[in-house]
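Visitor: I would like a close look at a single part of this model, followed outward into what surrounds it. Please define the terms as you go.

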Amino acid sequence: MASEEAAAAKMVGDKYRSFIYDEGEKSTEWRHGGPPSYDVVNKLFEEGRTKEWPKGSLEEIVQNAIKSWEMEVSHKIRLKDCKTLNPDKFKLFVNGREGLSGEETIRLGTYNSLLKSCMPKEFQYYKAEEETFESSHEIFGSAFPRGFAWEVLRVYTGPPEIVFKFRHWGFFEGPFNGHAPTGEMAQFFGFATLKVDESLRVEEVEIYFDPAELFGGLLKGPPISESHPSNVAFKAN
């Protein structure tokens with residue numbers, strides 16, 4: 001039964017992401033041995049999105065393109081397997097910091113790439129330089145067991161230089177950095193520029209957002225003491 005369900009999911013694919021179930025690319029090397037499932041976070045996205053863009057609209061195309069790009073850099077371990085970006089030109093810039101190459105982004109992971117801070121360590125809510133790809137996904141996967149959804153709120157210009165506003169959100173239902181979960185929504189908003197080539201592959205991503213928006217929600221939980229074990233999880237009524 002499970003194998004039949006997996007086969008059916010593979011046939012259907014993902015509504016929002018391309019290049020997951022590409023039968024023509026048997027040689028793709030996946031980080032966890034095979035294509036990921038986004039069923040849980042897709043449900044969160046559909047229940048919590050504030051915009052539902054018409055099919056084929058520029059907003060929907062941009063939204064799905066970013067979801068596909070995030071999927072590839074998070075789950076494919078070789079840059080040459082990533083079809084959403086131009087491997088020779090790709091750079092990721094976050095809050096004015098030095099750009100990261102495609103190889104660096106894949107190695108660090110999106111959480112560490114986005115949340116690296118130039119502040120003194122004692123003022124850092126999350127120390128990206130001390131985390132690996134795996135540990136970063138453990139930390140945020142634990143804090144957001146239903147996933148961390150993402151939506152486009154507005155697109156200001158079309159290709160080749162796409163400028164848009166976005167929202168990222170999840171429910172703080174697992175421990176984070178010594179803080180117990182609250183069950184409340186944690187979210188942040190930002191702006192980004194996406195430069196694409198003639199094949200619509202990404203050459204540059206430039207993102208601006210305030211990490212304090214996110215961490216303000218995650219640090220609201222009370223400190224976990226010995227009477228509150230670190231594996232505590234919020235249970236909704």
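Guide: Helix α3 (residues 58-75) has 18 residues which, at 1.5 Å a residue, should span 26 Å, and its end C-alpha atoms are 26 Å apart, which agrees; the expected span is 1.5 Å times one less than the number of residues. Helices (H or I, at least four residues) and strands (E, at least two) are DSSP runs numbered from the N terminus. The model is a predicted one, in which local features need pLDDT of at least 70 and side-chain atom pairs count only at pLDDT 80 or more, whereas totals for chains, interfaces and linings use all residues. Residues are numbered from 1 along each chain as its sequence is written, and side-chain values use heavy atoms, with hydrogens and water left out.

Of the 18 residues of α3, 13 are buried, so the helix is largely enclosed by the rest of the structure; buried means under 20% relative accessible area with a 1.4 Å probe, protein chains only. For the chain as a whole, 42% of the 237 residues are buried.

Helix α3 also gives the most to the lining of the largest pocket, with six residues. That pocket has a volume of about 1,000 Å³, and of the 42 residues that line it, E70, T110, Y111, F148 and H168 are the closest to its centre. At least two lining residues each come from α2 (39-48), α3, α5 (110-115), α6 (133-143), β3, β4, β5 and β6. A pocket here is an open set of points on a 1 Å grid where a 1.4 Å probe fits, with protein on both sides within 12 Å along at least five of seven lines, and a lining residue has an atom within 4 Å of a point.

Four of the elements just named as lining the pocket are strands, and they belong to an open sheet of six strands, ordered β2-β1-β6-β5-β4-β3, with mixed pairing. Its edge strands are β2 (100-101) and β3 (149-157), each pairing on one side only; two strands pair if DSSP finds at least two bridges between them. Inside the sheet, β4 (residues 161-171) runs antiparallel to β5 (residues 185-196) and is joined to it by eleven bridges, with V163 in partnership with T193. Seven bridges then link β5 to β6 (residues 202-209), again in the antiparallel sense, and F191 has Y208 as its bridge partner there. Five residues separate β5 from β6 in their hairpin, where L200 takes a positive phi near 65°. Towards the other edge, β1 (residues 91-94) and β2 run antiparallel over two bridges, and L92 stands opposite L100.

The packing can be followed through the largest nonpolar core, which has 40 residues and in which F140, F164, L214 and L218 touch the most other members. β5 gives the most to this core, with five residues. A nonpolar core is a set of buried Ala, Val, Leu, Ile, Met, Phe, Trp, Tyr and Cys residues joined through side-chain atoms within 4.5 Å. Leaving aside its neighbours within four places in sequence, F164 is in contact with residues including V62, I66, W150, V152, F191 and L194, contact meaning heavy atoms within 4.5 Å. Apart from the largest core lies another of ten residues, among them Y16, V41, L44 and W169.

Conventions: Buried means under 20% relative accessible area, exposed over 50%, partly exposed in between (1.4 Å probe, protein chains only). Grid points are joined across faces, edges and corners, and a volume is the space filled by probe spheres set on the points.
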